[in-house]
Amino acid sequence: MSEHSYPGSRWWKFDFHNHTPASLDYRGDKGISPRQWLQNYRDAGIQCVAVTDHNTGEWIDRLKAALAELRQEDQAWEEFFLFPGMELSCSGDVHLKVILDPSKKSADIEAIRGCVKYQGTPGNSDGVTRLSVADVIAEIHQAGGIACAAHIDQPKGLLTAMDSHHTLQQLYPILDAVEVIDPNAACVQQRKSELDHLAWVLGSDSHKPKEIGRGFTWVKMSTPNLEGLRLALLDPESAICRSDQEPSEPQPLPAQWIISVTLENMHLRRNGQGPLHLPFNPAYNAVIGGRGSGK
């Protein structure tokens, strides 16, 4: 049994911010294959990747096709997940990340870019959306996505590009997460009380292979999908842990644990149903039943 094939939630190593050659400022080998791009992340131990090129989803379908091939060749790739996304350059020159469910495609990303009326070059950040940041977030939510403010304490981040207290107060309640590069940055500390209710995530913002893994976030969920991610972001105290807080897995697997229990010849088990197989979680399991039910 694989270490990740048990039921229940566990910690997944998630990179919330990275780039492929679809971003014009990619500084690695622009001829890199989608397979090698994926392999570089897996070699770094990353399990979930939000692909966030500048204002484009061009590489999403290529990466998904390559991942499907890799999964056919090696079952271990079943534990690697791609989340289609995009780093949008919004009105006011604020960068905002879109994250969609792994089932989505390049066309879904391009549809969002069209809805928010981005006026620049796909793959570049030479333009901005016609819609305001608040309206862009509304469009992302309308498409079923997650809206995360990118590198809020860095250039083109929410706290550095927008100095209007009133505007920021309008955005905090509708954001799903914020990417904080330096928690000790003055702009973060000044607004810490306003940001505390939000999940603070971290990504590598990698533009070349050697930058992969320099920042990531542990996310606690069962199956890596958008709903699992959304629930984790709603409960950051127990389901989100940044790599600058904990570089190793927050709750590593025990050296020994009971994988499963199989019960046979049960009197109350209907004929033909066969043995009852109960897979266990390595952290916590509960057996619930009424009095006399055979717990």
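User: Happy to look at this one together! In what order do the nine strands of the open sheet run?

Analyst: Glad to help, and do keep in mind that this is a predicted model. The pairing in this open sheet is mixed. Neighbouring strands are turned by 30° against each other on average, direction ignored. Reading across the nine strands, the order is S7-S6-S5-S4-S3-S2-S1-S8-S9.

User: Which are the edge strands of that sheet?

Analyst: An edge strand here pairs on one side only. In the strand order, S7 stands at one end and S9 at the other. The edge strands are therefore S7 and S9.

User: In which sense do S4 and S5 pair, parallel or antiparallel?

Analyst: Strands of a sheet pair through backbone hydrogen bonds, in one sense or the other. S4 covers residues 94-99 and S5 covers residues 146-149, with four bridges between them. Within this pair, Val98 stands opposite Ala147 in S5. The sense is antiparallel.

User: How are helices H1 and H2 set against each other?

Analyst: H1 (residues 34-43) packs on H2 (residues 60-73) with the axes 9 Å apart. Their angle is about 70°, and 65 to 115 degrees is the range that counts for this class. H1 and H2 are therefore roughly perpendicular.

User: How many charged residues are in the contact of H1 with H2?

Analyst: H1 brings Pro34, Arg35, Trp37 and Leu38 to the contact. From H2 come Arg62, Leu63, Ala66, Leu67, Glu69, Leu70 and Glu73. Seven of the contact residues are nonpolar and none is polar, while the number that are charged is four.

User: Which strands does H1 lie across?

Analyst: H1 runs at about 135° to S2, one of the strands it lies across. Helix H3 (residues 106-115), for its part, lies across S3 and S4, at about 20° to S3. For H1, the strands are S1 (10-15), S2 (48-51) and S3 (81-90).

User: Which element gives the most to the lining of the second largest pocket?

Analyst: This pocket holds about 290 Å³ of space and is lined by 13 residues, with Leu198, Trp200, Pro236, Arg242 and Gln245 nearest its centre. By class, the lining has seven nonpolar, two polar and four charged residues. Strand S7 (199-201), helix H10 (236-239) and strand S9 (240-242) each give two or more residues. With three residues, the one that gives the most is S9.

User: What is the volume of the largest cavity?

Analyst: The count comes to one cavity of 30 Å³ or more. Its lining includes Trp37, Asn40 and Tyr41, along with His207, Lys208 and Pro209. Five residues of this lining are nonpolar, four are polar and one is charged. The space in the largest cavity is about 40 Å³.

Technical notes. Residues are numbered from 1 along each chain as its sequence is written. This is a predicted model: local features need pLDDT of at least 70, side-chain atom pairs count only at pLDDT 80 or more; totals for chains, interfaces and linings use all residues. Side-chain values use heavy atoms; hydrogens and water are left out. On a 1 Å grid over the protein atoms alone, a cavity is a set of points where a 1.4 Å probe fits but cannot get out, and a pocket is an open set with protein on both sides within 12 Å along at least five of seven lines; lining residues have an atom within 4 Å of a point. Grid points are joined across faces, edges and corners, and a volume is the space filled by probe spheres set on the points. Ala, Val, Leu, Ile, Met, Phe, Trp, Tyr, Cys and Pro count as nonpolar, Asp, Glu, Lys and Arg as charged, and the others, Gly among them, as polar. Axes are lines fitted to C-alpha atoms, for helices over the stretch in contact, and angles run from 0 to 180 degrees between N-to-C directions. Angles under 35 degrees count as roughly parallel, over 145 as roughly antiparallel, 65 to 115 as roughly perpendicular and the rest as oblique. Contact means heavy atoms within 4.5 Å. Two strands pair if DSSP finds at least two bridges between them.
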